[in-house]
There are 2 protein chains.
Amino acid sequence: MRRSLYREDYMKRKNRLSVLLNSREMKAFSLYCSRYRIKNRSEFMRTTIMKAIISKFDEEHPTLWEEPSPTLFKQ
Amino acid sequence: MRRSLYREDYMKRKNRLSVLLNSREMKAFSLYCSRYRIKNRSEFMRTTIMKAIISKFDEEHPTLWEEPSPTLFKQ
């Protein structure tokens, strides 16, 4: 019980970040949201940012090999 | 003079959007910012979001042709 409470608390989104857009950027953003039927703008921004971060970490993870990833056939 | 004032006003970032992150997401975001020396987090989020929007619009722009883009050699 204690653990699950802790976990729930850990998963809560408590850190607010804010972005400022000028009217042109805002217009593009609104157009995008209406065209692709994005109801939850915060969700869209969050996933876009997290995707960018994860993909960057993913492509630049440290390896022991010169090649990006060793395979069974080519080490 | 009048026009440039209008233009300046138009370029000002007045639209605030906010994103909420949980502590795990925040940790990843902070790590990313420290690793890639991002001083201006708002700038990073803005460019990431705008890039995503622009690239989506770019790849899905309407054409008159079936092919994605006609060339001189193949129409």
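Chain A and chain B are linked by a count of 2 salt bridges. One of the pairs is B:R13 with A:E25, whose closest N and O atoms lie 3.9 Å apart. This is a predicted model.

**Interface between the chains**

The contact involves 36 residues of chain A and 36 residues of chain B. Together the two chains bury about 4200 Å². Of that area, 67% is on carbon and sulfur atoms. On the chain A side, the residues that lose the most area to chain B are A:L17, A:L20 and A:F57. Together they account for 17% of what that side buries.

**Helix α3 of chain A against helix α2 of chain B**

Helix α3 of chain A spans residues 41–59, and helix α2 of chain B spans residues 23–35. Their axes come within 10 Å and cross at roughly 55 degrees. That angle falls outside the 65 to 115 degrees of a roughly perpendicular pair and is not under 35 degrees, so the two helices count as oblique. α3(A) and α2(B) are therefore oblique to each other. The crossing of α3(A) past α2(B) is left-handed.

The residues that make this contact are listed by helix.

| Helix | Contact residues |
|---|---|
| α3(A), residues 41–59 | A:R46, A:I49, A:M50, A:I53, A:K56, A:F57 |
| α2(B), residues 23–35 | B:E25, B:A28, B:F29, B:L31, B:Y32, B:R35 |

By class, the contact of α3(A) with α2(B) has 8 nonpolar and 4 charged residues, with no polar ones. A:F57 belongs to this helix contact. A:F57 is also among the chain A residues that lose the most area to chain B.

Definitions and conventions
Residues are numbered from 1 along each chain as its sequence is written. Chains are lettered from A and ligands numbered from 1 in the order in which they are written. This is a predicted model: local features need pLDDT of at least 70, side-chain atom pairs count only at pLDDT 80 or more; totals for chains, interfaces and linings use all residues. Side-chain values use heavy atoms; hydrogens and water are left out. Axes are lines fitted to C-alpha atoms, for helices over the stretch in contact, and angles run from 0 to 180 degrees between N-to-C directions. Helices (H or I, at least four residues) and strands (E, at least two) are DSSP runs, numbered from the N terminus. Angles under 35 degrees count as roughly parallel, over 145 as roughly antiparallel, 65 to 115 as roughly perpendicular and the rest as oblique. A crossing is left-handed if the near helix is turned anticlockwise from the far one by less than a right angle, and right-handed if clockwise. Contact means heavy atoms within 4.5 Å. Ala, Val, Leu, Ile, Met, Phe, Trp, Tyr, Cys and Pro count as nonpolar, Asp, Glu, Lys and Arg as charged, and the others, Gly among them, as polar. Buried area is the accessible area (1.4 Å probe) that two parts lose on being put together, summed over both. A salt bridge is a side-chain nitrogen of Lys or Arg within 4 Å of a carboxyl oxygen of Asp or Glu.
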